[in-house]
Amino acid sequence: MHSFFRKVTIALLFLISTLSLYSQSSSPIQFGADLMSRYIWRGVDLGGNSPSVQPWIEYNLFSKDSASTFTAGAWSAYTLSETSNQEVDLYLSYSYKMVSFTLTDYFFPGYYKTKERNRYFNYDKDSTCHIFEGSISFNGTEKIPFSLLFAMSFYGNDAHRINKDGSVGDIFMTKYIELGYKKNIKGVDFNAFLGAAIDKPNKTRGEVGFYGNKTSGVINLGIKASKSIQISDKYSLPVQASLITNPEAENIYLVFGISF
């Protein structure tokens with residue numbers, strides 16, 4: 001089966017690079033980078049005690065009536081600490097009106113010490129460092145300012161169950177759900193969010209969830225504020241600040257970011 005996922009990633013890489021070249025003359029391409037004081041993802045600290053540079057590039061294809069959008073992109077996170085995680089993700093997304101479907105290939109180069117784990121085109125289920133995830137989201141509207149996300153991992157380096165005999169079992173197929181609420185107050189966009197890990201690890205067998213959780217429950221609770229600061233007539237600087245708590249892990253983070 002791992003040959004299938006190798007082909008999927010090669011297709012993603014080819015599609016992104018081809019569309020990027022094509023888009024220089026006739027198609028919309030966007031790219032940029034965020035500089036974050038910390039890299040916190042779904043309530044989990046993935047960047048250690050270090051700022052994180054997060055470049056991205058994507059191609060967007062809109063339908064004539066703008067009701068649907070196809071997006072192919074790449075996103076990465078490079079922390080400034082040598083001991084922290086690095087990450088490079090590829091994704092495909094299709095949005096129709098208020099609903100989006102996304103396939104993401106997460107990859108964490110350098111996370112493991114072994115050469116086998118760090119090989120990008122290694123898709124063996126027992127040694128790959130890739131994680132494939134599918135998600136569906138309701139993005140809300142001006143009249144319905146709520147969003148809802150459901151995401152599930154289905155292949156790769158997910159957390160594993162532990163069998164009764166102590167051997168390593170199947171992957172959790174980790175599931176995550178998040179509810180959001182957005183509102184603009186005097187030019188500042190506010191987003192409140194509540195995210196939970198659905199899977200419940202078996203503590204008696206020593207299981208730990210993909211998000212480091214020892215039980216099911218809320219792992220990502222907080223609020224994000226963002227706005228653009230006008231620098232000149234032609235340029236504004238987007239900034240953001242997030243207060244993030246992880247009730248399950250009893251952690252809290254205050255994160256600031258700048259977009260370029």
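**Group meeting talk: a buried glutamate, paired strands and a pocket**

Let me begin with one contact, in which the side chains of Glu 133 and Arg 42 are joined by a polar contact of 2.9 Å, where a polar contact is a pair of N or O atoms within 3.5 Å, and where, within protein, one must be able to donate a hydrogen and the other to accept it, residues adjacent in sequence counting only if both atoms are side-chain atoms. Before going on, I should say that this is a predicted model, in which local features need pLDDT of at least 70 and side-chain atom pairs count only at pLDDT 80 or more, while totals for chains, interfaces and linings use all residues. Residues are numbered from 1 along each chain as its sequence is written, and side-chain values use heavy atoms, with hydrogens and water left out.

Staying with Glu 133, this residue lies in strand 8, residues 130-138, and here strands (E, at least two residues) and helices (H or I, at least four residues) are DSSP runs, numbered from the N terminus. A second polar contact, also of 2.9 Å, joins the side chain of Glu 133 to that of Tyr 106. Is Glu 133 buried or exposed? Glu 133 counts as buried because its relative accessible area is 4%, the cut-offs being under 20% for buried, over 50% for exposed and partly exposed in between, with a 1.4 Å probe and protein chains only. Leaving aside neighbours within four places in sequence, the residues in contact with Glu 133 include Thr 102, Leu 103, Ala 151 and Phe 154, contact meaning heavy atoms within 4.5 Å.

The partner, Arg 42, is found in the loop between strand 2 (40-41) and strand 3 (44-45), and Arg 42 has a positive phi of about 50 degrees although it is not a glycine. Arg 42 is likewise buried, because its relative accessible area is 11%. Another positive phi, near 60 degrees, belongs to Glu 250, a residue of the loop between strand 15 and strand 16 (251-259); Glu 250, however, counts as exposed because its relative accessibility is 74%.

Let me now turn to the chain and its strands. The chain holds two helices and 16 strands, and of its 260 residues 41% count as buried. Among contacts in the chain with a separation of 6 or more, 47% are between residues 24 or more positions apart.

On the N-terminal side of my list, strand 1 (residues 29-36) pairs with strand 4 (residues 52-62) in the antiparallel sense over eight bridges, two strands being paired if DSSP finds at least two bridges between them, and in this pairing Ala 33 has Pro 55 as its bridge partner in strand 4. Strand 4 also runs antiparallel to strand 5 (residues 68-79), joined by nine bridges, with Trp 56 opposite Trp 75. Strands 4 and 5 form a hairpin with five residues between them, and Ser 66 in the turn has a positive phi of about 60 degrees.

Met 36 is in strand 1 and counts as buried because its relative accessibility is 9%. Between Met 36 and Thr 79 there are 9.3 Å in space, C-alpha to C-alpha, and 43 residues in sequence.

Further along, strand 13 (residues 188-197) and strand 14 (residues 217-230) pair antiparallel over nine bridges, and Asp 189 stands opposite Ser 226. Strand 14 pairs in turn with strand 15 (residues 236-246), again antiparallel, over 10 bridges, with Ile 223 opposite Leu 243, and a hairpin of five residues joins the two.

Asn 246 belongs to strand 15 and is buried because its relative accessibility is 3%. A polar atom of the side chain of Asn 246 lies 3.0 Å from the backbone nitrogen of Ala 249, and, not counting residues up to four places away in sequence, Asn 246 touches Gly 43, Val 218, Ile 219 and Asn 251.

Finally, the pocket. Rolling a probe the size of a water molecule over the atoms shows where empty space is left. A pocket here is an open set of points on a 1 Å grid over the protein atoms alone, where a 1.4 Å probe fits, with protein on both sides within 12 Å along at least five of seven lines, and lining residues have an atom within 4 Å of a point. How much space lies in the largest pocket? About 2100 Å³ lies there, the volume being the space filled by probe spheres set on the points, which are joined across faces, edges and corners. Of the 50 residues that line the largest pocket, Trp 41, Trp 75, Leu 149, Glu 178 and Lys 224 are the closest to its centre.
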